[in-house]
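Trainee: Could you take one part of this structure and go through it closely, then show how the rest fits around it? I am new to it, so please explain the terms as they come up.

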Amino acid sequence: MRKFFVLFKKEVRELLTPAMILPLILMPVLFNVVGRIALSEKGKSEAERPGIILLDLDESKMSKELPRALEREFEPVYLTGLTDEEALETARREEAPVLLVIPSGFEKKIKGLNQEAARVYSVINNVSVKSATKSSSAARALNLVNNYLKENLVSVKFPGLNADFLKNPVTRDDYTSMGGKTAHIGMAQVIGFITSQTIFIPIVLFMVIIFASQTIVSSVVSEKENKTFETLLSLPINRNSIVFAKLLSAALFSLLSTWVYMIGFKSFMAGAAGAAVSSSSGGMIAGELAALGATISPYGYSLLGLSLFLSIICALLIVLVLGLLVDNTKSVQAVITPFMMVVILPYLLVTISDINSLGPVFRYGLYAIPFTHSFTVSQNLLSGKYELIYFGLLYQAVIALLCTAAATKIFSSDAILTLKFNFGKKL
Amino acid sequence: MIQVLKVENLVKKYKKTEAVKGISFEVNEGEIFALVGPNGAGKSTALKMIATILTPTSGKITVLGLDASEKAGEIRQHMSYLPEEAGAYKNLTGRQYLEFMAEVFYADKIERKKAVAFAGEINGLGERLKDKVQTYSKGMARKLLLSRAVMTKPRLAIMDEPTSGLDVLNAVEIRNTLRKLVSEGVSILLSSHNMLEIEYLSDRMAIINKGVIMDSGTVAGLKSKYSAANLEEVFVKLNEKAAA
């Protein structure tokens with residue numbers, strides 16, 4: 001055990017290079033800065049009312065009142081006597097996202113209870129987060145115009161009648177039922193909240209696997225490249241200690257890297273997507289989700305943790321063996337890229353679809369990849385499919401044992417020096 | 001005379017090639033024994049098997065009376081190996097590298113300090129031991145590695161081409177160090193294709209080519225046996241004899 005810790009200490013020292021530490025410090029800071037900029041831009045665009053150009057070709061009493069209706073959400077610029085092109089030029093100059101053209105004969109048609117089409121031009125001035133927030137401006141503007149006209153027509157045609165009732169005679173009071181339990185909450189909120197939870201865990205796992213793989217492969221390949229491997233093997237150290245010292249140091253380093261990156265990533269996402277849920281509304285949703293049974297229990301988290309642990313072990317052992325195939329850093333990508341594909345495929349499919357709805361060949365092919373089970377474990381926990389989780393854990397444990405046996409066998413045999421793939425061989 | 005190493009009918013076969021074809025020799029306590037031969041003769045493969053890194057296809061290796069196929073762990077405690085193209089961990093300083101190696105061998109702190117101090121005496125790197133290994137010249141790195149290999153005063157030190165790639169001054173310095181170590185009780189098995197170096201260093205030697213030991217003995221004995229002025233002539237005559 002003493003020699004294991006001597007090796008472990010050496011591995012950690014080898015990992016703590018400026019090339020490894022600097023990104024750990026800089027990336028979260030960079031994420032945070034970008035996130036803050038995005039948040040500030042978003043805040044600014046939400047605070048300021050966008051401009052809107054209203055080109056009135058009718059010049060009636062009704063059309064002249066429309067700017068007042070639009071003032072609730074916009075800074076309207078009222079124009080008359082221009083062509084559409086001339087008004088568009090003004091919209092571009094004023095950086096207004098919408099040009100609304102009220103056609104001639106508008107009031108007459110509306111009062112006659114006939115539908116009229118207004119030409120709506122959406123003006124894209126630049127492509128950014130800020131312009132993305134203005135994409136709904138045209139729909140909002142038309143909605144304001146329609147609401148104003150509805151209220152106007154009701155008061156004229158049906159004096160004394162409640163305009164709100166006519167607009168929406170039926171209102172919604174949402175309940176969602178899941179797994180035999182029902183809660184006073186809309187399905188969209190339930191799905192949104194579950195998705196945010198089930199997406200976060202695969203992202204963490206994906207990052208851990210990527211970091212761990214890169215760390216261990218560079219550890220093995222640098223031993224070969226720096227010609228330290230043969231000396232290490234000739235020392236009075238159990239070869240399994242060499243394997244496990246490398247595994248443990250890579251696992252710890254990858255967990256640290258992931259933790260640091262996730263802090264940065266979280267602040268970036270909060271800024272870029274405005275995804276932060278206020279504590280009060282989050283608390284209310286969490287309460288309803290608990291009533292619905294759509295939360296993960298401590299037991300569920302322990303299953304999730306075990307699955308993540310087994311995935312990391314599998315990844316580290318597979319990459320450790322792959323690392324033995326090459327003897328220089330230039331060839332590392334040749335063995336790592338196919339492995340990354342195997343990790344990325346289930347990750348992408350889990351985040352965009354339900355694996356269980358895929359065809360049997362594809363589905364079982366994906367389940368043959370040990371990482372798939374960790375990507376799906378949070379979904380299965382929330383939908384109560386525990387048998388799939390237990391099967392996944394058993395399968396991952398078998399694969400981890402097989403990988404451990406393979407790695408220790410290779411390390412205790414000649415294969416550790418003779419196993420080689422010549423990727424640089426010219427055809 | 002105590003036998004530190006005994007090699008009997010050692011064979012190593014890879015898929016298509018037989019690198020070592022049944023070699024036998026022994027190394028006695030306090031001597032330098034050299035395996036001499038051209039590149040690809042099987043010297044390094046033989047040394048790796050003796051260093052317990054590679055497993056022999058057949059044959060027997062006995063170190064200090066212990067069978068290497070059964071007691072590899074115990075043997076490694078009394079033996080050291082310096083590969084031909086060895087390197088040190090570049091992110092560590094020279095001292096950290098030596099401390100790491102000493103820690104592998106000794107649990108006791110005082111023993112570790114003694115070993116590191118002895119390595120310092122051997123390599124003569126002084127203050128440069130505080131610098132990272134990546135800043136060392138080839139000669140400095142080789143001296144560090146050589147001092148690592150002997151810092152625990154092993155009963156048997158295996159050195160594959162110990163002066164390979166070094167300039168004359170560094171090579172001479174390392175040869176003198178090896179001679180000094182023998183006087184302190186370390187037995188050395190080394191390989192080289194440099195016949196001049198072998199003439200200067202070795203007490204006994206074996207000439208190996210194509211995985212076979214062609215002859216062995218003292219340098220003077222072999223030169224006399226083949227009426228040769230130097231070892232290169234001995235080697236040429238042995239090859240001519242083998243071809244005939």
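Mentor: Start with A:Glu95, which is exposed because its relative accessible area is 51%; exposed means over 50% relative accessible area, buried under 20% and partly exposed in between, with a 1.4 Å probe and protein chains only. This is a predicted model, in which local features need pLDDT of at least 70, side-chain atom pairs count only at pLDDT 80 or more, and totals for chains, interfaces and linings use all residues. Residues are numbered from 1 along each chain as its sequence is written, chains are lettered from A and ligands numbered from 1 in the order in which they are written, and side-chain values use heavy atoms, with hydrogens and water left out.

A:Glu95 lies in the loop between α4 (84-94) and β3 (98-102) of chain A. Helices (H or I, at least four residues) and strands (E, at least two) are DSSP runs, numbered from the N terminus. The phi of A:Glu95 is positive, near 55 degrees, in a residue other than glycine. Most residues other than glycine have a negative phi.

B:Thr52 also has a positive phi, of about 65 degrees, although it is not a glycine. This residue belongs to the loop between α1 and β4 of chain B. B:Thr52 is classed as buried because its relative accessible area is 10%. It comes just after α1(B), a helix of residues 43-50 that is mostly covered, with seven of its eight residues buried. Among the buried ones are B:Leu47, B:Met49 and B:Ile50, along with B:Lys43 and B:Lys48.

On the other side of that loop is β4(B), part of an open sheet of four strands in the order β2-β1-β4-β5 (chain B), with antiparallel pairing. β2 (18-28) and β5 of chain B stand at the edges with a single partner strand each, so one side of each has no neighbour in the sheet. Two strands count as paired if DSSP finds at least two bridges between them.

Take the pairings in turn. β1(B) and β2(B) run antiparallel over eight bridges, and B:Lys12 stands opposite B:Val20 in β2(B). β1(B), residues 3-13, is also joined to β4(B), residues 58-63, by five bridges in the antiparallel sense. There, B:Lys6 has B:Thr62 in β4(B) as its bridge partner. B:Thr62 in turn stands opposite B:Asp67 in β5(B). β5(B), residues 66-67, pairs with β4(B) over two bridges, again antiparallel. These two strands form a hairpin with two residues between them, and B:Leu64 in the turn has a positive phi of about 50 degrees.

The sheet also supplies residues to the largest nonpolar core, where B:Leu5, B:Phe25 and B:Leu189 are the residues with the most contacts inside it, out of 172 residues. Such a core is a set of buried Ala, Val, Leu, Ile, Met, Phe, Trp, Tyr and Cys residues joined through side-chain atoms within 4.5 Å. Its largest share, 16 residues, comes from α9 (residues 187-225) of chain A. Neighbours within four places in sequence aside, B:Leu189 is in contact (heavy atoms within 4.5 Å) with residues including B:Leu5, B:Phe25, B:Leu47 and B:Ile50.

Another helix of chain B, α5(B), is largely enclosed by the rest of the structure because eleven of its 13 residues are buried. Among the elements covering those buried residues are α10 (229-234) of chain A and β7 (156-160) of chain B. The expected span of a helix is 1.5 Å times one less than its number of residues; for α5(B), residues 138-150, that gives 18 Å, and its end C-alpha atoms are 19 Å apart, which agrees.

Last, the two chains together. 26 residues of chain A are in contact with 31 residues of chain B. The chains bury about 2700 Å² between them, 56% of it on carbon and sulfur atoms; buried area is the accessible area (1.4 Å probe) that two parts lose on being put together, summed over both. On the chain A side, A:Arg13, A:Pro236 and A:Asp414 lose the most area, together 20% of what that side buries.
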